[in-house]
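Here's a walk through one model, with the coordinates alongside so you can follow on screen. Pull it up and keep it rotating while you read.

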Amino acid sequence: VHDVAPGDQFSECGLQVKAVKALHNVPSLCYRVENASGTSVTFSGDTPFNPALVELARGTDLLLHEMSFGPNSTRDKEGAAHSGSPEAAEVAALAGARQLALVHGYVAAQAASLAAAQKRFPATFIPKEGDVLHVGG
């Protein structure tokens, strides 16, 4: 167990881990995990649009991004602590991610959330329980 703070970088089990601050209403982090061959997965945690996450996710193979607000944008909601799928797609596009997996959203809004994200970032999907994701090469 490690205490991790924004800006921390460490190695664990042959993986490089970096963390930046999420813009949530409780202390939270966004993470990037990368193996020795450079394959990476970045996880947003709970956060609205976050420029630090864009930089953390730069060139990532897979961005896992929350979409608590479904297909609705939170860009103009002061004090928002979560994203909608439009923000997730924006982060993926700006970061040059290869794929975007939308997570942490309401089942009833999945189809609309996916459609909203794919307008900006076509390589978007919603993983299902039990899915095995192959990342990189």
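What follows goes through the sheet, the helices, the salt bridges and a few backbone oddities.

**The sheet**

First, a caveat: this is a predicted model. Its sheet is open and has 7 strands, in the order 1-2-3-4-5-6-7, with mixed pairing. At the edges sit strand 1 (9-12) and strand 7 (124-125), each of which pairs on one side only. As a general reminder, strands of a sheet pair through backbone hydrogen bonds, and they can do so in a parallel or an antiparallel way.

Start with strand 1. Strand 1 and strand 2 (residues 15-21) are antiparallel and share 4 bridges. To find the register, look at serine 11, whose bridge partner in strand 2 is glutamine 16. The hairpin of strand 1 and strand 2 leaves 2 residues between the strands. Moving on, strand 2 is joined to strand 3 (residues 29-34) by 6 bridges, and these strands run antiparallel as well. Here lysine 21 stands opposite leucine 29 in strand 3.

Further along the sheet, the parallel side of the mixed pairing shows up. Strand 5 (residues 62-66) and strand 6 (residues 99-103) run parallel, with 5 bridges between them. Glutamate 66 has valine 103 as its bridge partner in strand 6.

**The helices**

Where does helix 2 lie? Helix 2 (residues 85-95) lies across strand 5 and strand 6, and runs at about 155° to strand 5.

Helix 3 (residues 110-120) has a buried set made up of Ser113, Ala116 and Ala117. Those residues cover an arc of only 95° around the axis, so they end up on the same side of helix 3. Turn to the other side of helix 3 and you'll see Ala111 and Lys119, which are exposed. As for what covers the buried residues of helix 3, the cover includes helix 2, strand 6 and strand 7. That brings strand 7, an edge strand of the sheet, back into the picture.

**Salt bridges**

How many salt bridges does a search of the whole structure find? The search turns up 4, and three of them are laid out here, with the distance between N and O atoms.

| Salt bridge | N to O distance |
|---|---|
| Glutamate 34 and arginine 32 | 3.1 Å |
| Glutamate 55 and arginine 58 | 2.5 Å |
| Arginine 98 and aspartate 61 | 3.1 Å |

The arginine 98 and aspartate 61 pair links distant parts of the chain, 37 residues apart. Arginine 98 is in the loop between helix 2 and strand 6, while aspartate 61 is in the loop between helix 1 (51-56) and strand 5. Aspartate 61 is at 10% relative accessibility and therefore counts as buried.

Now for the other two pairs. In the pair with glutamate 34, arginine 32 is buried, at a relative accessible area of 9%. Glutamate 34 itself comes out as partly exposed, at 25%. Over at the other pair, glutamate 55 counts as exposed because its relative accessibility is 51%. Its partner arginine 58 is partly exposed, at 39% relative accessibility.

**Cysteines and positive phi**

Is cysteine 13 buried or exposed? At 75% relative accessibility, cysteine 13 counts as exposed. Cysteine 30, on the other hand, is buried, with a relative accessible area of 0%. The structure holds 0 disulfides.

Cysteine 13 is worth a second look for its backbone too. Most residues other than glycine have a negative phi. Cysteine 13 isn't a glycine, yet its phi is positive, at about 55°. You'll find cysteine 13 in the loop between strand 1 and strand 2, in other words at the hairpin of those two strands.

Which other spot is worth checking? Histidine 104 has a phi near 60°, again a positive value in a residue other than glycine. Histidine 104 sits in the loop between strand 6 and helix 3. With 47% relative accessibility, histidine 104 counts as partly exposed.

How values were computed
Residues numbered from 1 in each chain as written. Predicted model: local features only at pLDDT ≥ 70, side-chain atom pairs only at ≥ 80, totals over all residues. Heavy atoms only, no water. Disulfide = S-S within 2.5 Å. Buried < 20%, exposed > 50% of the residue type's maximum accessible area, 1.4 Å probe, protein only. Pairing = 2+ DSSP bridges. Contact = heavy atoms within 4.5 Å. Axes fitted to C-alpha atoms, helices over the stretch in contact; angles between N-to-C directions. Salt bridge = Lys/Arg side-chain N within 4 Å of Asp/Glu carboxyl O. Arc of directions from axis to C-beta.
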